[in-house]
Amino acid sequence: TQMHIAIAKATHNQVIQRLVPFLQDSVAEARRRSRYMHSVTPDPTAANAVVTHRQVVEYMRKGDAESAGVAMAYHIKRALIDLEL
């Protein structure tokens with residue numbers, strides 16, 4: 001949650017910042033309903049999220065806004081697939 005808030009603030013976009021609470025609630029609900037949460041195997045949804053979060057943060061640390069944006073777009077698409085949204 002804190003990472004999502006920090007990323008939203010880094011965009012300097014008020015719309016994105018206002019969407020974070022809504023998105024957090026939606027993602028939490030989707031994960032609760034997800035088949036991955038009820039499996040004895042490792043959670044691929046969580047693993048994918050860790051990888052894609054790290055990519056976004058890495059590009060932000062480098063000051064590479066364009067690559068961070070591409071990484072964020074991929075993260076969102078991957079999450080939609082993983083969470084079956």
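Me: Accessible areas here follow the Shrake-Rupley method with a 1.4 Å probe, and for residues only the protein chains shown count as cover. What share of the exposed area of the protein chain do carbon and sulfur atoms supply?

Reply: This is a predicted model, in which local features need pLDDT of at least 70 and side-chain atom pairs count only at pLDDT 80 or more, while totals for chains, interfaces and linings use all residues. Residues are numbered from 1 along each chain as its sequence is written, and side-chain values use heavy atoms, with hydrogens and water left out. The protein chain exposes about 6,300 Å², and the share from carbon and sulfur is 61%.

Me: How many helices and strands does the protein chain have, and in what order do its elements run?

Reply: Helices (H or I, at least four residues) and strands (E, at least two) are DSSP runs numbered from the N terminus. The protein chain comes to 4 helices and 0 strands. From the N terminus on, the order is α-α-α-α.

Me: How are α3 and α4 oriented to each other?

Reply: Helix α4 covers residues 65–82, and its axis comes within 8 Å of the axis of α3. Axes are lines fitted to C-alpha atoms, for helices over the stretch in contact, and angles run from 0 to 180 degrees between N-to-C directions. The two axes cross at roughly 170 degrees. Angles under 35 degrees count as roughly parallel, over 145 as roughly antiparallel, 65 to 115 as roughly perpendicular and the rest as oblique, so α3 and α4 are roughly antiparallel.

Me: What classes of residue make up the contact of α3 with α4?

Reply: Contact means heavy atoms within 4.5 Å. On the α3 side the residues include P44, H53, V56 and M60, and on the α4 side they include A71, M72, H75 and D82. Ala, Val, Leu, Ile, Met, Phe, Trp, Tyr, Cys and Pro count as nonpolar, Asp, Glu, Lys and Arg as charged, and the others, Gly among them, as polar. The contact divides into 9 nonpolar, 7 polar and 2 charged.

Me: How are α1 and α3 oriented to each other?

Reply: The axes of α1 (residues 2–11) and α3 (residues 44–62) come within 12 Å. They cross at roughly 40 degrees. On that angle α1 and α3 are therefore oblique.

Me: Which residues of α3 meet α1?

Reply: In α1 the residues taking part are M3, H4, I7 and A10. The residues of this contact comprise 6 nonpolar, 2 polar and no charged. Their partners in α3 are H53, V56, V57 and M60.

Me: Is H75 buried or exposed?

Reply: H75 lies in helix α4 and touches H4, A49, T52 and H53, not counting residues up to four places away in sequence. Buried means under 20% relative accessible area, exposed over 50%, and partly exposed in between (1.4 Å probe, protein chains only). The relative accessibility of H75 is 11%, so H75 counts as buried.

Me: Which residues does H4 touch, leaving out those up to four places away in sequence?

Reply: H4 sits in helix α1 and is partly exposed at a relative accessible area of 23%. Its C-alpha atom is 9.4 Å from that of P21, 17 residues apart along the chain. The residues H4 touches are V20, Q24, H53 and H75.

Me: What is phi of H12?

Reply: H12 is found in the loop between α1 and α2 (14–33), where a relative accessibility of 71% makes it exposed. Most residues other than glycine have a negative phi. H12 has a positive value, near 55 degrees.

Me: How far apart in space, C-alpha to C-alpha, are V27 and L83?

Reply: V27 lies in helix α2 and is partly exposed, with a relative accessible area of 36%. V27 and L83 are 56 residues apart in sequence. Their C-alpha separation in space is 8.1 Å.

Me: What share of the residues in the protein chain is buried?

Reply: H75, in helix α4, is one residue that counts as buried. V51, in helix α3, is partly exposed, with a relative accessible area of 46%. Of the 85 residues in the protein chain, the buried share is 19%.
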